[in-house]
Amino acid sequence: MLLNEFIAEKLEKIRKEKKIGVYTLCNKAAISYETYRSIRHNKNKDIYVRTLLILLRALDYPYDEFFRELMARGDEIDIDFK
């Protein structure tokens, strides 16, 4: 699995678990719908850490928990350098 795929899937899972709509999340995070859509549909390979942290904060999800899961799956995660 690619890193951007992991991020997109994890953000969507958290968003759905918290029952937050896409537009509500975008408003709360003060990011455009297009930015979130590009992350969600894996069109953006270069996700800024700042944007990720803003989304996690808007979702009220602990940063350390997100990165702990990422690190636990480290061998499965690949980075697309293209």
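**Helix packing in a predicted model**

L52 is buried, with a relative accessible area of 5%, and I would like to begin from that residue and work outwards. Please keep in mind throughout that this is a predicted model, and that the values I quote are computed from it.

L52 is found in helix 4, and if we leave aside its neighbours within four places in sequence, it is in contact with I7, L11, F66 and F67. Of these, L11 lies 41 residues away from L52 along the chain, and yet the C-alpha atoms of L11 and L52 are separated by 8.9 Å.

Let me now widen the view to the helix as a whole. Which residues of helix 4 are buried? In helix 4, which runs over residues 49-58, they are T51, L52, L55, L56 and A58. Seen down the axis of helix 4, these buried residues fall within an arc of 160°, and so they line one face of the helix. The face turned away from that buried side carries exposed residues, namely V49, R50 and R57. As for what the buried side meets, the buried residues of helix 4 pack against helix 1 (3-17), helix 2 (22-29), helix 3 (33-40) and helix 5 (63-72).

I will take one of those partners, helix 2, in some detail. Two packed helices are described by the angle between their axes and the distance between the axes. For helix 2 and helix 4 the angle is about 115°, and the axes are 9 Å apart; the two helices are therefore roughly perpendicular to each other. Helix 2 passes helix 4 in a right-handed crossing. The residues that meet here are L25, K28 and A29 from helix 2, and I54, L55 and A58 from helix 4. Sorted by class, this contact has five nonpolar residues, no polar ones and one charged residue.

Turning to helix 3, we find that Y36, S38 and I39 are buried. These three cover an arc of only 160° around the axis, which puts them on the same side of helix 3. The buried residues of helix 3 pack against helix 1, helix 2 and helix 4.

The pairing of helix 3 with helix 1 deserves its own description, since their axes come within 8 Å and cross at roughly 115°. On the helix 1 side the contact is made by A8, L11, E12 and R15, and on the helix 3 side by Y36, I39 and R40. The residues of this contact divide into four nonpolar, no polar and three charged.

One of those residues is R15, whose place is in helix 1. Is R15 buried or exposed? At 9% relative accessibility, R15 counts as buried. Beyond its neighbours within four places in sequence, R15 is in contact with I20, G21, V22, L25, Y36 and L59, and I would point out that L25 is also among the helix 2 residues that meet helix 4.

Y33, which is found in helix 3, offers another case to look at. At 25% relative accessibility, Y33 counts as partly exposed, the cut-off for buried being under 20%. Not counting residues up to four places away in sequence, Y33 touches V22, Y23 and C26. Y33 and K43 are 10 residues apart in sequence, and their C-alpha atoms are 13 Å apart in space.

Finally, let me come to the backbone between the helices. Most residues other than glycine have a negative phi, and most peptide bonds are trans. Against that background, A30 has a positive phi of about 55° although it is not a glycine. The place of A30 is in the loop between helix 2 and helix 3, and A30 is exposed, with a relative accessible area of 69%. Just after helix 3, N42 likewise takes a positive phi, of about 55°. Where does D60 lie? D60 is found in the loop between helix 4 and helix 5, just after helix 4, where it takes a positive phi of about 55°, although it is not a glycine. D60 is exposed, with a relative accessible area of 59%.

To draw this together for the discussion, helix 4 has its buried residues along one face, with V49, R50 and R57 exposed on the face turned away, and helix 2 and helix 4 are roughly perpendicular to each other. Thank you, and I am glad to take questions.

Definitions and conventions. Residues numbered from 1 in each chain as written. Predicted model: local features only at pLDDT ≥ 70, side-chain atom pairs only at ≥ 80, totals over all residues. Heavy atoms only, no water. Buried < 20%, exposed > 50% of the residue type's maximum accessible area, 1.4 Å probe, protein only. Helix = DSSP H or I, 4+ residues; strand = E, 2+ residues; numbered from the N terminus. Arc of directions from axis to C-beta. Contact = heavy atoms within 4.5 Å. Axes fitted to C-alpha atoms, helices over the stretch in contact; angles between N-to-C directions. Parallel < 35°, antiparallel > 145°, perpendicular 65-115°, else oblique. Left-handed = near helix turned anticlockwise from the far one by under 90°. Nonpolar A, V, L, I, M, F, W, Y, C, P; charged D, E, K, R; others polar.
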